[in-house]
Amino acid sequence: MAMRASVLLLAVVLLGAVGCESVRPWERDVLARTDMAWDPDPLESALEKHIEFSKEGSLDGGAAGGGGCGCN
């Protein structure tokens, strides 16, 4: 049991050391590039969400109700 606990502790320490990376203030511009964004083109995303809502009657996290039958 003690061997298992020590191996687990070692694994947690190693994963913690590898996973923690701090970003310096002067490096943040690289992460803020347009091509690195989840949604690089907001207009295209809005159009896709409108099409999805029109076809399926559903929004992801939206407050609109109704079904796909067009009776909302």
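## E52 and helix α3

E52 has a relative accessible area of 38% and is therefore partly exposed, falling between the cut-offs of 20% for buried and 50% for exposed. The model is a predicted one. E52 sits in helix α3, which covers residues 42-56.

S45 is also placed in helix α3. Its relative accessibility is 16%, so S45 counts as buried; the limit for that class is under 20%. The S45 side chain makes a polar contact of 3.2 Å with the side chain of D39.

## Charged surface

E52 belongs to a negative patch on the surface, together with D39, D41, E44, E48 and E56. D39 thus appears in two roles: D39 is a member of this negative patch, and the D39 side chain is the polar partner of the S45 side chain.

## Nonpolar surface

A nonpolar surface patch is made up of V23, L31 and M36. Together these residues have about 260 Å² of accessible area. One of them, L31, lies in helix α2, which spans residues 28-31.

## Overall fold and exposure

The protein contains three helices and zero strands. Read from the N terminus, the order of elements is α-α-α.

Of the 72 residues in the protein, 3% are buried; S45 is one of the buried residues, at 16% relative accessibility. The protein exposes about 6,600 Å². Carbon and sulfur atoms supply 63% of that exposed area.

Note on methods:
Residues numbered from 1 in each chain as written. Predicted model: local features only at pLDDT ≥ 70, side-chain atom pairs only at ≥ 80, totals over all residues. Heavy atoms only, no water. Patch = residues over 30% accessible without salt bridge, like charges linked within 9 Å, V, L, I, M, F, W, Y side chains within 5 Å. Areas by Shrake-Rupley, 256 points an atom, 1.4 Å probe, with all protein chains shown as cover. Salt bridge = Lys/Arg side-chain N within 4 Å of Asp/Glu carboxyl O. Helix = DSSP H or I, 4+ residues; strand = E, 2+ residues; numbered from the N terminus. Buried < 20%, exposed > 50% of the residue type's maximum accessible area, 1.4 Å probe, protein only. Lys, Arg positive; Asp, Glu negative; His and termini not counted. Charge placed at Lys NZ, Arg CZ, Asp CG, Glu CD. Polar contact = N/O pair within 3.5 Å; in protein donor to acceptor, adjacent residues only side chain to side chain.
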